[in-house]
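Reader: Before we discuss any details, could you please put the sequence and the model in front of us?

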Amino acid sequence: MIVAVDGPAASGKGTLARRIARELGYAHLDTGKLYRAVGLAVLRGGGDPSDPAAAEAAAQALDPDSLDDPELAGDDAAQAASKVSAIPAVRAALLEMQRTFAGRAPGAVLDGRDIGTVVCPDADIKLYVTASDEIRAQRRHKELLQRGKASIYARVLQDLRERDARDSARSVAPMKPAEDAVVLDTDRLDAEAAFTAAMELIRGVAARAGGPAGQ
Ligand code: C5P
């Protein structure tokens, strides 16, 4: 069973994906961390994340088992990720490890931007979690303040819009819902309601397939 959870920054997709994985005892991969780690590696090497050669080399050298660096959560890593992720060779270098992860038993939940469209087009369940940019920026701003970080709402909103624009406009694997994705709008659904809706869908699909998640 593969559950694909896509959506823009701060939509709540990561929280939802983690919760689904915990509930079902599945493995979870936050694919944004792969791109963040590549972006951060380029920055730390003094390079430009938009430079295809530097970004491809960092993607090929990536160790998928070393994704717990706290700096990966920061805005520099996010903006660098959004730049390296537009480079086709970077996406190609990270594709196989994502597909291998998706094959884990008894199931896997992957969250990102192109899981339902490119990484796992045959996923059993495809969710696209979204919300207005103002709501998402408010959430990110609040989260930064709670973590004791300096944050200016207008700046957070601008960064998020820039990142969304870059992620949706790129020619390779742009951020968009798969045609067969179920859209969960978290402007209207709180985290609990989104989780309940997602689990109903998953259990419905699993029951039709006779799998254990349906019980
Ligand atoms: O999800 P997160 O905010 O951590 O993602 C950081 C960046 O990585 C995104 O803005 C996007 O550019 C890129 N990304 C991607 N494809 C994915 C996951 C993330 O292009 N599957």
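Reader: How far apart do the centres of the positive and negative side chains of the protein chain lie?

Author: This is a predicted model, in which local features need pLDDT of at least 70, side-chain atom pairs count only at pLDDT 80 or more, and totals for chains, interfaces and linings use all residues. Residues are numbered from 1 along each chain as its sequence is written, and side-chain values use heavy atoms, with hydrogens and water left out. Lys and Arg count as positive and Asp and Glu as negative, while His and the chain ends are not counted, and each charge is placed at NZ of Lys, CZ of Arg, CG of Asp or CD of Glu. With 28 positive and 32 negative side chains in the protein chain, the centres of the two sets are separated by 3 Å.

Reader: In which order do helices and strands follow one another along the protein chain?

Author: Helices (H or I, at least four residues) and strands (E, at least two) are DSSP runs, numbered from the N terminus. The protein chain holds nine helices and five strands. Read along the sequence, their pattern is β-α-β-α-α-α-α-β-α-β-α-α-β-α.

Reader: What radius of gyration does the protein chain have, set against the value for a compact globule?

Author: The radius is taken over C-alpha atoms, and the globule rule is 2.2 Å times the number of residues to the power 0.38. The C-alpha trace spans about 50 × 35 × 30 Å along its principal axes. For 215 residues a compact globule would come near 17 Å, and the protein chain agrees with this, having a radius of gyration of 17 Å.

Reader: What share of the contacts in the protein chain with a separation of 6 or more is made by residues 24 or more positions apart?

Author: Contact means heavy atoms within 4.5 Å. Among contacts with a separation of 6 or more, residues 24 or more positions apart account for 77%.

Reader: Which residue has a side chain joined to that of H141 by a polar contact of 2.7 Å?

Author: H141 lies in helix α7 (residues 133-146) and counts as buried because its relative accessibility is 17%, buried being under 20%, exposed over 50% and partly exposed in between (1.4 Å probe, protein chains only). Leaving aside neighbours within four places in sequence, H141 is in contact with S151, I152, Y153 and V156. A polar contact is a pair of N or O atoms within 3.5 Å; within protein, one must be able to donate a hydrogen and the other to accept it, and residues adjacent in sequence count only if both atoms are side-chain atoms. The side chain that meets H141 in this way at 2.7 Å is that of S151.

Reader: How many ångströms separate T117 and A178 in space, C-alpha to C-alpha?

Author: T117 belongs to helix α6 (residues 115-119), where its side chain reaches the backbone oxygen of D114 at 3.4 Å. Beyond neighbours within four places in sequence, T117 is in contact with K176, P177 and A178. Although T117 and A178 are 61 residues apart in sequence, their C-alpha atoms are separated by 5.2 Å.

Reader: Is A173, a residue with phi near 45°, buried or exposed?

Author: A173 is found in the loop between α8 and β5 (182-185), and its phi is a positive value in a residue other than glycine. Since its relative accessibility is 12%, A173 counts as buried.

Reader: Which residue is joined to A105 by a cis peptide bond?

Author: The bond has an omega of about 0°. The partner of A105 is placed in the loop between α5 (88-102) and β3 (108-112), and this partner is P106.
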